[in-house]
Amino acid sequence: MSTLLDSIQPASGGRTILDPATGEPVGRVAEPGVAELDAAVAAAHAAQPGWAALGDARRVELLNAAADAIEANAEELAVILSREQGKPLNGPNARFEVGGAVAWLRATAAVPVEPEVIVNDDATYAEVHHKPLGVVGAIGPWNWPMMISVWQLAPSLRMGNTVVMKPSEFTPLSVLALAQVINTALPADVLIVVPGGREVGEALTAHPGVDKLMFTGSTATGKAIIRSAADSVKRVTMELGGNDAGIVLDDADPAAIAEGLFWGAFINTGQTCAALKRLYVPDSLYDAVCAELTKVAQAMPMGVGLSEDNVLGPLQNKKQYDIVASLVQAAKDGGGRVLVGGDPDESAPGYFYPTTLVADLPNDNPLVAQEQFGPALPIIRYSTLDEAIEMANGLDVGLGASVWTPSPDRAREVALRLEAGTVWINEHGAIDPRVPFGGSKQSGFGVEFSKAGLLECAQPVSIKGAAGSFTAS
């Protein structure tokens, strides 16, 4: 019997994708070039007017049908994701991600988007409509390949655009499988995935037939995409790198917050843009927070994702493993005290780096100042709240941040002083499709999610005239 994985592989040839946990083959991916990308953009362009003409209500029906299709194939999708990306099936990982893709499609379909009357007085009547942009080019990362693909395609499709996606070279099978399932509910050429390398990505960002770009990934790559998009004045939404700070206030309960702190930092084995990557703790609670976090970390099993016992997996690729290893070594060299981890078994298969907590680091140590994007959390001591806020705000990125305290008033006061697109209270990284999400400073611009994110995938059209010259639609 043919499987979903079989259906997305080329009949022969292609590049072999290896499981980052075992080194064993997962499957093969065809690697089309720029000519195939051109054909995909042309097909998406041709399909777009018909997709827009279906109207919002019908598009909503089809997005919900796509969510149904994902649910019907959820376990097979989760297994492909686990084997290719490395994340375990269990815990907030592969099954969680597939479920999130379903929930995000449904939530995006449920947001009301109606023309808005903005002036209606004795002299003037004006309303704003939102029209499709055309073809959206979407470029996704390897850490949450299915979920982030849905973050890009769902609002684009809802607003009447068609989508050409280029997945990460590290996780193309996951995105191809997801699109194969979604496309059982959509008209032809509304959603097209073109896997490939840098050449394909650069061609997509510069393509004259693409009207908007959505990108999730590093700040350096985002800057290159922005430069490329400038020549054709493409709209862009950029969700770029972060190095999120969390601040524990002096009235927090270390035992009560320890598990929340852990998953804020180590969800997806730390490979999350909006994960907690720097933790600031006051002198009065420092030793207790370190001790409670160490207890939680030691209880979380790491291993091959297909084992139901594991909740942490490998780094997805050797390049990221080397970055994490280098930054932990810099922390050791800088006098950091390793509370747990920091001792990988280099002879073992897979890119496993143990869950690592490092205390007593200065704020300028590389493990603090650079985004590790892996299972290593620095814990920095502070004496005054002003000092903690200054350290938290001291970098040129600001995707997310968090404040940990039982006092709502103190939490809000500190949150409003932090330079981040989202500040969570007593949680970290808990994104919600109803709440706008975007970065400050060099963590990107534009927002995703909610009505605000939908409207970024559309062209606003203002219609204005003298009162009585036309009526509301």
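**Two helices, a six-stranded sheet and the cysteines**

In this predicted model, helix α2 covers residues 34-53, which makes 20 residues in a row. From its first C-alpha to its last, α2 reaches 29 Å, close to the 28 Å expected at 1.5 Å a residue. There is a bend along the way, though: a kink of about 35° lies at A47, shortly before the proline P49. A47 also belongs to the buried part of α2, together with L37, A40, V41, A44, Q48 and W51. Spacings of this kind are easier to read with a bit of helix geometry in mind. An α-helix has 3.6 residues a turn, so residues three or four places apart point the same way. After α2 comes G55, a glycine whose phi is positive, near 90°.

What does α2 lean against? That brings in the sheet. Six strands line up in the order β7-β6-β5-β8-β9-β19, forming an open sheet with mixed pairing. At the edges sit β7 (191-193) and β19 (444-445), each of which pairs on one side only. Helix α2 packs on this sheet and touches β5, β6 (162-166) and β7, its direction making about 155° with that of β6. Helix α8 (residues 198-206) packs on the sheet too, touching β5, β6 and β8, and its direction makes about 145° with that of β5.

Strands of a sheet pair through backbone hydrogen bonds, either parallel or antiparallel. Strands β5 (residues 135-139) and β8 (residues 212-216) run parallel, and four bridges join them. Here A138 stands opposite M214 in β8.

Further along the chain, helix α11 (residues 286-298) has 13 residues. The span from its first C-alpha to its last is 18 Å, close to the 18 Å expected at 1.5 Å a residue. Quite a list of α11 residues is buried: Y286, V289, C290, E292, L293, T294, V296 and A297. These buried residues pack against one helix, α10 (254-266), and against the strands β11 (276-282), β12 (337-340), β13 (356-359) and β14 (376-382).

One of those buried residues, C290, leads on to the cysteines. C290 counts as buried because its relative accessibility is 4%, under the 20% cut-off. For C457 the value is 1%, so C457 counts as buried as well. Why does C457 form no disulfide? The closest cysteine sulfur, in C273, is 18 Å from the sulfur of C457, which is too far for a bond. For the whole model, the disulfide count comes to zero, with 2.5 Å as the sulfur-to-sulfur cut-off.

Key: Residues are numbered from 1 along each chain as its sequence is written. This is a predicted model: local features need pLDDT of at least 70, side-chain atom pairs count only at pLDDT 80 or more; totals for chains, interfaces and linings use all residues. Side-chain values use heavy atoms; hydrogens and water are left out. Helices (H or I, at least four residues) and strands (E, at least two) are DSSP runs, numbered from the N terminus. The expected span of a helix is 1.5 Å times one less than its number of residues. Buried means under 20% relative accessible area, exposed over 50%, partly exposed in between (1.4 Å probe, protein chains only). Contact means heavy atoms within 4.5 Å. The bend at a residue is the angle between axes fitted to the seven residues ending there and the seven starting there. Two strands pair if DSSP finds at least two bridges between them. Axes are lines fitted to C-alpha atoms, for helices over the stretch in contact, and angles run from 0 to 180 degrees between N-to-C directions.
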